[in-house]
Amino acid sequence: MSTKITEKVWSSEIEKRILDDWEKDNVFVNNDNFKENENYYIIDTPPPYPSGKPWHIGAAAHYSQIDMIARVARSNGFNVVFPIGIDRNGIPVEIYTEKKYKIRMRNMDRKEFLKLCEHTLDETEKEFIEILKSLGISANFKDTYHTDSTEYRTLTQSTFIEMWKKGLIYLGDRPSNYCIDCGTTIADSEITYLDKETKLVYIKFFLKDSTEFIIIATTRPELLFACQAIIVNPEDKRYRDKQGKNLKIPIFDREVKIINHKSVDPNFGSGAVMVCSYGDLNDVQLFRELHLEEIKSINPNGKTTKHAKQFSNLSLKEARNKIIEELQDQGLIEKIEIFSHRTPICERSKTPIEIISLEDYYLKQVDFKSELFEYSEKIKFYPEMHRQILLNWLNSISIDWPISRRRYYGTEIPIWYCKKCKYPNIPEPGRYYRPWEEEPPFDKCQNCNNDEFEGEERIFDTWMDSSISPLYITKFNKNDNFYKKTYPTTIRPQGKDIIRTWLYYTMLRCLYITEQLPWKNAWIMGYGVDDKGEKMSKSKGNVIDPLPIIKKYGADTFRLWSASEANLGYDFRCSEQKIINSQKFLSKLWNIGRFISNFELIDEANKPQKLNSTDKWILAELDNLSKKCNEGYNELNFFIPSNSIREFTWNIFAAHYIELIKPRVYNESKDEERKSALYTIHKCFKSILLLLEPICPFITYELWTKIYLDKKIINQKMFPKINNDFQEMALLTQRIIQFNSEIWNRKKETISNITNKPLSLKDPIKITIPNELELFSSDLIAMHNII
RNA sequence: GGAUGGAUAGUCUAGUGGUUAAGAUACCUGUCUCACACACAGGUGAUCGAGAGUUCAAAUCUCUCUCCAUCCA
């Protein structure tokens, strides 16, 4: 009798060897050729963005769980397509590259800059893929796609052209969010908010031809010259007699009217507010509503326009300081207060957003809102509660999606403008176009027959690329057969923080192109938060790097922790203590395996005729475990199986069952009873391994192959069958645990008169076995040495 | 201001009407008992955020309030 497992402890070193095995055997290369009637399962994996280090522990947990989805689907007999892509377009890499090389994008040759970005991406991507692989992600790494590849960008452009032809794209000149640092228009979804301290300046505005003045409180004195109205609350008694009168704008010598508007809060500042183009979104609305004429105040380079007169061509900060200075000199400032105010900032560069009017391309979405609501109802959400995030977002959409960006590292907008008539000429879809450096693919303007063109220099918002991932992975426009079998895809797994972007935009884009939803299910995971329960962010400095943790504890420990930490959809706390707990369970499992591997395998083929009652009892509990796991796996909630497996394996199977049958398996004289125990213990252990495989693929693989010497490895097997044979036996579980505990307690309380210490567990004891446990009496007597 | 989720032993979580509220961890006390000291056995510890209501019965349902987290104004 000897163990088949030589290593005394489970360690991450063993995982590395297993990874090599898998790589050699090509275990997870996706199968492109679906057979007739085969069930398939397509995962629209989020393409991670390699935007520098460190990576986020929540993201590593996220990908671990997506892998569990894939493994569960395989265990349920599906042919799984699990692609992996890397999202590489957009502003983050540009900003990261600028910092890394200490350069400015706009002071550089475009081509040179693109090369540097690519280099940066290649570097970070490499490390990234290594982490994913070391986590045991069973995706198709041989075929990793990149959103900045020629092939991907071709698809981005051709789907754009298709939408253009459907009349869904238009050029709009209207106020939009603009990031001065990034030098581009950005979408609402790219804005976050930050509480910032700012000056609230109280300025005197004199009434026309009068020495009477009113006080205007503003946080944007630099926009004084773009003021087109003063608004007050109609209920406000202070201004009741002034309504409709004209006020003189200080310094700039222009007149504006005092207008009633109920949006004004009489308690804020002085109760009188200046309306400028544009201090904030509210101003935009007021300009529209009151039919005010826009005064352009800020240039795309972030400097004041000519309308600022002597203050023109200044940065906003300079303009603000100089205007305040001038107002002070003229004695027009009553006071200045400091107050904290929620400021919209650019998600990427953290610069405050300005609202300026620029020409940009828009994709229609407002007209389509009611249909989008209808389609949203057809997606199954895991968990259901997160559907609301999408619905809230849909509700709040008020303008179309600006899709053009004045940046470099992204997919080019494929348009050439006629030099003579400015008509936008669109090429035929099918290849990748770079209008800023390429000759146009046509000789004459489609509008005026002129033969000179100017290429578009702008690129797309990155969500234009990532929002077609379901089309790309199903080989849309490339392999019709494959596409027909795989689209719509089965599931979109993603974080709840990008519902209003990735999930929403994917829905929109794919509906425009295919008139079908891109997936049937959306699986939404919560954030990884710190040990206080607060969201991790770089600015807070509480981001945990997953790499050292994975290295220290191993992938399976990390995965088990991730699965058992929180219910699906809820945020999960990251604490090292919890990770250590998972490691302890794997160690327990390893040792159970070492024990079991001492004994010969009795399987279905040589199953004993008669099973002992104790064996029937644990098989009943095993069935219950399988059911519980199935429930959890069906809901794609790995919290349920991970915790039930732990509970069963440690607190029932190891603590009570194994102790009960030890005497039998060591006693070779009673062959039938021994065989019954060995059959059962192997059956239980095999089931535990099968059930745990999606969560901990490494240790289950190792134990399976070592103990069962099975050619067909565990990750190609199905979940255990549920037999429902001895269900009523499971009712006795609590009684068994209670009785064992009673005896252990009794022994502990009894002081031996030989050693003067409590009785040891193998010392004999006199006790009556209760009637309902009579079934197990022979095992109980042997286990406790009952006399 | 609006939305979503949460408030259960020192800490983290499970528990959607019914006997002594479950588990993990921490803590205390024993034990190297032939798979495991990364273990085993035992123990201390919660009037389930506050208040009111429904009910024979509430951590669980309803209402009000307080606090926390996240998102949107």
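Trainee: Why is Cys574 not counted as part of a disulfide with Cys696?

Mentor: Set the distance against the cut-off. This is a predicted model, and in it the sulfur of Cys574 sits 17 Å from the closest cysteine sulfur, the one in Cys696. A disulfide needs the two sulfur atoms within 2.5 Å, so 17 Å is too far for a bond.

Trainee: What about Cys182, how far is its sulfur from the closest cysteine sulfur?

Mentor: The closest cysteine sulfur belongs to Cys179, at 3.4 Å, and that is still too far for a bond. By this rule, the count of disulfides comes to 0.

Trainee: Are Cys182 and Cys574 buried or exposed?

Mentor: The cut-off for buried is under 20% relative accessible area. Cys182 has 1%, so Cys182 is buried. Cys574 has 5%, so Cys574 is buried too.

Trainee: What makes Glu515 count as exposed?

Mentor: Exposed means over 50%. Glu515 comes in at 61% relative accessibility, so the label is exposed. Glu515 is in the loop between helix 13 and strand 23, and its phi is near 60 degrees, a positive value in a residue other than glycine.

Trainee: Why point out a positive phi?

Mentor: Because most residues other than glycine have a negative phi.

Trainee: Then why is Asn724 called partly exposed?

Mentor: Asn724 has 41% relative accessibility. Partly exposed is the range between the 20% and 50% cut-offs, so Asn724 falls there. Its phi is also positive, near 60 degrees, and Asn724 lies in the loop between helix 20 (697-708) and helix 21 (733-749).

Trainee: How do you know that strand 23 is largely enclosed by the rest of the structure?

Mentor: Count its buried residues: 6 of the 7 in strand 23 (residues 519-525) qualify, so the strand is largely enclosed.

Trainee: Which strands pair with strand 23?

Mentor: Strand 15 (residues 380-382) is one of them, running parallel to strand 23 with 3 bridges between them. Pairing takes at least two bridges. In that pair, Lys380 stands opposite Asn521. Strand 22 (residues 489-495) also pairs with strand 23 in the parallel sense, over 6 bridges. There, Gln494 has Ile524 as its bridge partner. From strand 22 the chain crosses through helix 13 (residues 499-514) to strand 23, and this β-α-β crossover is right-handed.

Trainee: Where are the cis peptide bonds that you marked before Pro383 and Pro488?

Mentor: One runs from Tyr382 to Pro383, with omega near -10 degrees. Pro383 lies in the loop between strand 15 and helix 9 (387-396). Another runs from Tyr487 to Pro488, with omega near 0 degrees, and Pro488 lies in the loop between helix 12 (480-486) and strand 22. They get a mention because most peptide bonds are trans.

Trainee: How do you know that the span of helix 4 agrees with what it should be?

Mentor: Helix 4 (residues 110-134) has 25 residues, and at 1.5 Å a residue these should span 36 Å. The end C-alpha atoms are 36 Å apart, so the two values agree. After helix 4 comes Gly136, with a positive phi near 80 degrees.

Trainee: What do the buried residues of helix 4 pack against?

Mentor: Their partners include helix 2 (57-75), helix 3 (91-101) and helix 14 (546-553). Among the buried residues themselves are Phe113, Leu121, Phe128 and Ile131.

Methods:
Residues numbered from 1 in each chain as written. Chains lettered and ligands numbered in written order. Predicted model: local features only at pLDDT ≥ 70, side-chain atom pairs only at ≥ 80, totals over all residues. Heavy atoms only, no water. Buried < 20%, exposed > 50% of the residue type's maximum accessible area, 1.4 Å probe, protein only. Helix = DSSP H or I, 4+ residues; strand = E, 2+ residues; numbered from the N terminus. Right-handed = clockwise from strand over helix to strand, strands pointing away. Expected span 1.5 Å × (residues − 1). Contact = heavy atoms within 4.5 Å.
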